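Colleague: Before we look at individual contacts, I should like to learn how the handedness of a helix crossing is read. Could you begin with the general idea and then turn to the case at hand?

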Amino acid sequence: MSKRVPSSAPHFIQTISRFFNKYPGLPYLGKWLLLCSLIGVFIGSASAGFLASLNWATSFRSEHTWILWLLPLAGWLIGWSYHRFGKDVEGGNNLLLKNIRRPDAKIPLKMGVFVYCGTILTHLFGGSAGREGTAIQMAGAVADQFAKPFRLKPEDRSVLLIAAVAAGFGSVFGTPLAGAIFGLEVFFIGRLRYNAILPAFAAAIVADLVTRWWQVGHTHYHIPLVPAVSPSAIFYIAVAGVCFGCCAALFSQLLHRLTGFFKSVISSAPLRPVVGGVIIIALTYLLGTNEYLGLGIPGILKAFDQQLTADVFLLKIAFTVITLSAGFKGGEVTPLFFIGATLGSALSWLLPLPTALLAGMGFVAVFAGATNTPLACTIMGIELFGAACGVYVGLACVIAYLMSGHHSIYQGQMIGEVKNERFTKDAGKIFQDL
């Protein structure tokens, strides 16, 4: 026996229909808030687990310095694993950027597993690498599993991956606003994906809240003195920004060229990190310090407290480029924080600005130049150091971004708009479908 439809049902349905016609953004809002809340919970939890594992690996290595001798063996294991089982996910961040541009096959969940294990092994045994690459790849692999159940179209799947990048970045550094802008900004140089603005912010904020809920702490940096902005201060910011941009371009070029060199000289993928590990061991014992291994957080903190010499940032460039070019896993961003902060500290010998302020400016500006994300890095500087330094970090990031040209640590990054007419020749990689 069929149930009788209430006479009020047609009127009710018409009322709902008129309501949604009047506010067409509500279904969109509900859909993405729900989806991004879900992926934010999973990505935030994954970031918390990753950070806890990374803290353990760093502590263990610091207490057992002999473990550095096993770095070549760890490198062989990483290289062999990717060569044997992970060729389809070896692209890492560039694979994510490619799928954002033109969604293809679903990103397998194993990409997150592979990069997580590879990064922990790299840090446990002493490689110089970061963590953002791992967080972003884990986030992308997790989020893409929701595309099929939610029946997302290719354009929506592209937005989902942008939200995942934002969530992974924001949660691993404790900077949700910067993470959201980074996800919108990193894909196209010179353009923002405003169609993904709500998902990026929602996913980044939820992921950060979940990471903090797991009581995983983030490093705090302090700039005690920020002088008033003046014409002379703007000149000093400009000089520092030029140095930061040149440093970012140097790092990007060395990273790509040495990667190509390793591949051309050593055909065996598992053997490349073995050779890289031997070089890292030799450099460590030649210098007599472990300061350049791992993330280098103690070195970053030192840059805010005292004036350092120029060799510090140059040596971190060498350690990081060798580690990543040889095939170890991790990321470039935290080493770039180290490089930028120590370069800024060294510049305080020449520029009459507070050491901590210059370190903070370099911290975000070198990263801005290497990733072509000046807006995200400016917001990051404000989130980490406070609004008082906003003019200093903002101008430094913009100048570093312009000075670095179209070089980037991400080869999958596309040029949406050239930075300057003089850079037009570099714009041969402009995405043809724009």
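Modeller: A crossing is left-handed if the near helix is turned anticlockwise from the far one by less than a right angle, and right-handed if clockwise. In this predicted model, the crossing of helix 8 and helix 9 is right-handed.

Colleague: What are the packing angle and the axis separation of helix 8 and helix 9?

Modeller: Helix 8, residues 176-185, packs against helix 9, residues 197-213, at an angle of about 145 degrees, and their axes lie 8 Å apart. On the helix 8 side, the contact involves Pro 176, Leu 177, Gly 179, Ala 180, Ile 181 and Leu 184. These meet Ile 197, Ala 200, Phe 201, Ala 204, Ile 205 and Asp 208 of helix 9. By class, the contact of helix 8 with helix 9 comprises ten nonpolar residues, one polar and one charged.

Colleague: How should one read the relative direction of helix 5 and helix 6?

Modeller: Angles over 145 degrees count as roughly antiparallel. Helix 5 (residues 110-124) and helix 6 (residues 132-143) pack at about 160 degrees, with axes 8 Å apart. The two helices are therefore roughly antiparallel to each other. Helix 5 passes helix 6 in a left-handed crossing. Met 111, Gly 112, Val 115, Tyr 116 and Thr 119 of helix 5 form the contact with Thr 134, Gln 137, Met 138 and Ala 141 of helix 6. Five of the residues in this contact are nonpolar and four are polar, with no charged ones.

Colleague: Which angle is found between helix 2 and helix 7, and how far apart are their axes?

Modeller: Helix 2 (residues 25-63) and helix 7 (residues 154-173) pack at about 40 degrees, and their axes are 9 Å apart. That angle makes helix 2 oblique to helix 7. Their crossing is right-handed. Among the helix 2 residues in the contact are Lys 31, Trp 32, Ile 39 and Phe 50, while helix 7 contributes residues including Asp 156, Leu 160, Ala 164 and Val 172. The contact of helix 2 with helix 7 has 13 nonpolar, three polar and two charged residues.

Colleague: What does the radius of gyration say about the whole chain?

Modeller: The protein chain has 17 helices and two strands. Its radius of gyration is 23 Å, close to the 22 Å that the globule rule gives for 434 residues, so the chain is as compact as a globular protein of that length. Along the principal axes, the C-alpha atoms fill a box of roughly 85 × 55 × 45 Å.

Colleague: Where does the pLDDT stay under 50?

Modeller: The chain averages a pLDDT of 89, and 91% of the residues score at least 70. Residues 1-5 stay under 50, and the model has zero contacts for them beyond four places in sequence. The pLDDT is also below 50 over residues 423-434, a stretch with 21 contacts in the model beyond near neighbours in sequence.

Key
Residues are numbered from 1 along each chain as its sequence is written. This is a predicted model: local features need pLDDT of at least 70, side-chain atom pairs count only at pLDDT 80 or more; totals for chains, interfaces and linings use all residues. Side-chain values use heavy atoms; hydrogens and water are left out. Axes are lines fitted to C-alpha atoms, for helices over the stretch in contact, and angles run from 0 to 180 degrees between N-to-C directions. Helices (H or I, at least four residues) and strands (E, at least two) are DSSP runs, numbered from the N terminus. Angles under 35 degrees count as roughly parallel, over 145 as roughly antiparallel, 65 to 115 as roughly perpendicular and the rest as oblique. Contact means heavy atoms within 4.5 Å. Ala, Val, Leu, Ile, Met, Phe, Trp, Tyr, Cys and Pro count as nonpolar, Asp, Glu, Lys and Arg as charged, and the others, Gly among them, as polar. pLDDT is the predictor's confidence in each residue, from 0 to 100. The radius of gyration is taken over C-alpha atoms; the globule rule is 2.2 Å times the number of residues to the power 0.38.
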